[in-house]
Amino acid sequence: MPEGHTLHRLARLHQRRFAGAPVRVLSPQGRFSEDAALVDGRVLVKSEAWGKHLWHHYESGLVVHVHLGLYGAFTEAAVPMEPPVGQVRMRMVGAEFGTDLRGPTACEVLHPPQVAAIEARLGPDPLRKDADPDKAWKRISASKTPIGALLMDQAVIAGVGNVYRAEVLFRHGIDPERPGRGLSRDEWDALWADLVALMKVGVRRGKMHVVRPEDDHGDPAYAKDRPRTYVYRRAGSQCRVCGTPVAHSVMKGRNLFWCPTCQPS
């Protein structure tokens, strides 16, 4: 599933290419046709993201809400666009560029109170300027739940997924099974600051870069087109820092990776 940096990168792209002008909004697939008609031809005022949610704000006050889920993806093209291929849920066409959305979990038109209700259920997003890390800390510091699960809970922190969860815990030497209330405030402040920095890199580059230069010794077995990591999807491989085999388990239905030596219990 795309993590928060992907949605923020999309929001910035759509802001740059579509905002401030009328946008044609269509549903070649048909499943979004009625909602598309509500915003078709309207001026897109703003595109933004909160965690894994993408918002397109139109001049009418209506908002298109997109959640990519596991399979959703946007594809971009210059105008004039080719005829739609496959199940295109939403097509947006601006003056110079267009984009097709396929396979999202959610693609719907909402009113502002509905948007506010969704945002109220989300934790702070490290990539938003209005994020309040204290809100997440209050929940984490009072919880017996493992920090590895809390970081994946979108109601605690919005936008962090499996990769950033595994990597930021490794970078700070924290066992993913440690209860949230077992973290010190200094540890939390360092985790948050690192998430902000790492996710900003993801927005800027379009890929996750989490390995410090001094630890980048190469891994020929790791596919070149995948983001380089310390532990994520490296079960059984040697830790880049200490050489211990990377461990793997499942936590709340999601694969979990860590180094037993660098992240002691």
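This note comments on aromatic contacts, salt bridges and one annotated region in a predicted model.

1. Aromatic pairs. A pair of aromatic rings is described by the distance of the centres and the angle of the planes. The structure holds three such aromatic pairs. One of them joins Trp188 and Trp192, with 5.8 Å from centre to centre and 50 degrees between the planes, and it is classed as tilted. Both tryptophans belong to helix H7, which covers residues 185-205. They are four residues apart, about one turn of that helix. Trp188 and Trp192 are both buried.

2. The pair of Tyr232 and Phe257. These two rings form an edge-to-face aromatic pair, at 5.4 Å centre to centre and with 80 degrees between the planes. Tyr232 is located in the loop between H7 and strand E9 (247-251), while Phe257 is part of strand E10 (residues 254-258), so the contact ties together parts that are 25 residues apart in sequence. Tyr232 and Phe257 are both buried.

3. The annotated region. The UniProt record, an unreviewed entry, carries the annotation "domain: FPG-type" for residues 230-264. In the model, the chain over residues 230-264 is 0% helix and 29% strand. The C-alpha atoms at the two ends of this stretch are 16 Å apart.

4. Arg17 and its two contacts. Side chains of opposite charge can pair when their charged atoms come close. The structure holds 11 salt bridges. One of the salt bridges is formed by the side chains of Arg17 and Glu76, at 3.9 Å from N to O. This pair links distant parts of the chain, with Arg17 in helix H1 (residues 4-18) and Glu76 in strand E5 (residues 73-78), 59 residues apart. Arg17 has a relative accessible area of 28% and is therefore partly exposed. Glu76 is also partly exposed, at 30% relative accessibility. In addition, Arg17 lies over the face of Phe97, at 3.9 Å from the ring centre.

5. Arg24 and Asp40. Their side chains meet in a salt bridge with an N to O distance of 2.7 Å. Arg24 is in strand E1 (residues 24-26) and Asp40 is in the loop between helix H2 (33-39) and strand E2 (44-50), so the bridge ties together parts that are 16 residues apart in sequence. Arg24 counts as partly exposed because its relative accessible area is 42%. Asp40 is likewise partly exposed, with 27% relative accessibility.

6. A salt-bridge network. Lys46, Glu48, Arg128 and Asp130 are linked in a network of salt bridges. Within this group, the side chains of Asp130 and Arg128 meet at 3.0 Å, N to O. The partners differ in exposure: Asp130 is partly exposed at 47% relative accessibility, whereas Arg128, with a relative accessible area of 16%, is buried. The assignment of Arg128 follows from the cut-off, because buried means under 20% relative accessible area.

7. The loop residue Val85. Val85 is found in the loop between E5 and strand E6 (88-93). At 60% relative accessibility, Val85 counts as exposed. Val85 and Arg102 are 17 residues apart along the chain, and their C-alpha atoms are separated by 9.8 Å.

Terms used. Residues numbered from 1 in each chain as written. Predicted model: local features only at pLDDT ≥ 70, side-chain atom pairs only at ≥ 80, totals over all residues. Heavy atoms only, no water. Phe/Tyr/Trp six-rings, centres within 6.5 Å; stacked < 30°, edge-to-face > 60°. Buried < 20%, exposed > 50% of the residue type's maximum accessible area, 1.4 Å probe, protein only. Lys NZ or Arg CZ within 6 Å of the ring centre and 35° of its normal. Salt bridge = Lys/Arg side-chain N within 4 Å of Asp/Glu carboxyl O. UniProt positions renumbered as here; feature names shortened; annotations may be inferred.
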